[in-house]
Amino acid sequence: MSKKKVHLFKETKLAELIAGDRKLLQLLPRFGIGLGFGDRSIEEVCRMNNVSADLFLILCEIYVDSSFKPDPDELKRIDMSGLLPYLRASHQYYLDERFPHLEEHLQRIIEACGPKYGPMLSHFYEEYKKEVMRHIKFYEEEVVFPYIEALLKGQRTDSYRIDEFEHNHTNIQDVLDDMMNILLKYLPGDILPKERIEISLDIMELSDDLNRHSVIEDHILIPYVESLENALP
Amino acid sequence: MRNRVIICEASEIIANGLAEVIDSMAQFDVVARIESPEHLNEKITASDANLAIINPLLLGYQNKEFVNQLGKEFPNLAIIALETSYLDHSILSPYSGVIEITDTRSKIISKMNEFSQSEATKKDDVELSKREVDVLVAVAKGMMNKEIADLMNISIHTVISHRKNITRKTGIKSVSGLTVYALLNNLIDESDLL
């Protein structure tokens with residue numbers, strides 16, 4: 001359950017919104033919103049960056065409160081053209097920044113583990129990475145998103161329907177949580193404790209982020225694509 | 001082990017206030033809140049709650065029967081009454097504890113601690129049983145539930161329940177994570193994995 005709730009309005013200054021919940025800062029680059037926004041309101045900043053303020057706010061709500069479920073009728077009124085670019089940018093951030101960062105830390109821990117535990121930890125991570133790549137890159141980026149882009153152009157493909165969507169983020173998060181438990185609870189205590197604390201904090205942050213990401217896919221992307229499917233003859 | 005709490009109370013003000021106090025405790029999470037007891041059983045199953053806080057007024061005349069039935073269906077569930085106005089002792093007796101609307105924050109916190117350590121919830125603690133270790137080893141070696149059931153001569157249902165307990169006790173959900181856990185604890189050998 002959420003500890004804190006900010007009520008979000010377009011008239012609020014963007015800087016105030018972020019002061020209310022610093023997690024929201026990470027949404028800016030994914031929407032292509034640059035820094036230096038001064039004291040402008042959310043609405044103004046969004047307009048300057050060609051972002052739908054409604055979409056921006058609804059994603060902010062999900063980040064503030066993970067149990068927030070958007071109202072389907074309200075979603076229908078929102079301009080969703082920015083959704084796919086946002087999701088792609090998120091994927092890129094996970095694959096190009098977060099996971100390599102995690103890996104770099106983990107590599108040092110694996111080396112410090114020596115031949116007894118090192119190889120199995122490395123194997124565990126490699127398997128995990130394969131699964132992440134399979135889902136995000138080879139499935140979502142290469143099957144689902146091109147399908148949606150074709151729908152937007154009015155083309156229907158028979159090979160795929162959104163109701164087949166794999167909700168695979170749960171597994172990606174579960175293994176991430178397992179990794180944290182192994183690092184904190186089960187590896188011998190004397191192996192790089194400071195590094196392990198640091199990496200665990202990063203994992204928790206990434207896990208929260210992925211959790212919001214799947215809420216966005218399940219409760220915004222899927223209904224949106226269904227409406228696109230239904231609109232085609 | 002973290003405690004998972006479900007609150008069944010019609011007043012949003014009261015439910016939110018109680019949830020806020022409980023969520024402020026490190027070892028407790030409020031996993032669900034519902035306004036009426038209609039779908040309580042499903043909610044408990046879905047959220048895997050081990051503590052239910054219920055306003056007896058919502059149950060009316062069926063109070064006693066409902067609480068006893070709930071206790072039978074979920075033997076590991078601690079059932080607590082939320083007393084928002086004076087209730088007779090006979091109404092509160094089927095519950096394993098009572099939170100009163102006049103309780104202070106610190107009083108609620110100390111009661112919650114007490115409830116979480118009651119017989120119902122601590123039944124089995126963190127140590128894996130012999131059977132659970134056997135199942136863990138088999139899972140780590142890559143065996144399927146059906147194969148494990150045949151090997152150990154138990155039903156698939158029992159295998160699944162062992163697996164749930166293993167995950168609850170170790171905090172590890174994935175097969176690959178359990179394999180690492182088994183290796184780290186010398187329950188299996190690298191050579192077992194080939």
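A residue is taken as buried if 20 or more other C-beta atoms lie within 10 Å of its own. In the predicted model described here, this criterion is met in helix H4 of chain A by A:Leu55, A:Phe56, A:Ile58, A:Leu59, A:Cys60, A:Ile62, A:Tyr63 and A:Val64. The cover over these buried residues of H4(A) includes helix H1 (14-20), H2, helix H3 (42-48), H6 and helix H8 (193-231) of chain A. The length of H4(A) agrees with expectation, because its 12 residues, at 1.5 Å a residue, should span 16 Å, and its end C-alpha atoms are indeed 16 Å apart.

Chain A is assigned two domains, domain 1 covering residues 14-76 and domain 2 covering residues 83-231, and the centres of these domains, taken over C-alpha atoms, are separated by 22 Å. The contact between them involves 13 residues of domain 1 of chain A and 14 residues of domain 2 of chain A. On the domain 1 side, at least two residues each are supplied by helix H2 (27-30), helix H4 (53-64) and helix H5 (72-76) of chain A, and H4(A) gives the most, with four residues. By class, this side of domain 1 of chain A consists of nine nonpolar, one polar and three charged residues.

Two loop residues of chain A have a positive phi although neither is glycine. A:Asn50, placed in the loop between H3 and H4 of chain A, has a phi near 55°, and this residue counts as exposed because it has 11 C-beta neighbours inside 10 Å. For A:Leu192, which lies in the loop between H7 and H8 of chain A, phi is near 35°; with 18 C-beta neighbours inside 10 Å, A:Leu192 counts as partly exposed.

The contact between the two chains takes 17 residues from chain A and 13 residues from chain B. Within the side of chain A that touches chain B, helix H6 (83-152) and helix H7 (169-186) of chain A each supply at least two residues, and the most is given by H7(A), with eight residues. Sorted by class, this side of chain A has 10 nonpolar, one polar and six charged residues.

Chain B contains 10 helices and five strands, and its C-alpha trace spans about 65 × 30 × 25 Å along its principal axes. Of its 194 residues, 31% count as buried. Among the contacts in chain B between residues at least 6 apart in sequence, 62% join residues at least 24 apart.

The five strands of chain B form an open sheet with parallel pairing, in the order S2-S1-S3-S4-S5. Strand S2 (28-34) and strand S5 (97-100) of chain B stand at the edges of this sheet, and each has a single partner strand, so that one side of each is left without a neighbour in the sheet. Neighbouring strands are turned against each other by 25° on average, with direction ignored. Inside the sheet, strand S1 (residues 3-8) and strand S3 (residues 51-54) of chain B pair in the parallel sense over four bridges, and B:Cys8 has B:Ile54 in S3(B) as its bridge partner. Helix H5 (residues 105-116) of chain B lies across S1, S2, S3, strand S4 (78-83) and S5 of chain B, and runs at about 165° to S5(B).

Key. Residues numbered from 1 in each chain as written. Chains lettered and ligands numbered in written order. Predicted model: local features only at pLDDT ≥ 70, side-chain atom pairs only at ≥ 80, totals over all residues. Contact = placed C-beta atoms within 7 Å. Nonpolar A, V, L, I, M, F, W, Y, C, P; charged D, E, K, R; others polar. Domains from an automatic or database assignment. Expected span 1.5 Å × (residues − 1). Buried ≥ 20, exposed ≤ 12 C-beta atoms within 10 Å, placed from the backbone. Pairing = 2+ DSSP bridges. Axes fitted to C-alpha atoms, helices over the stretch in contact; angles between N-to-C directions.
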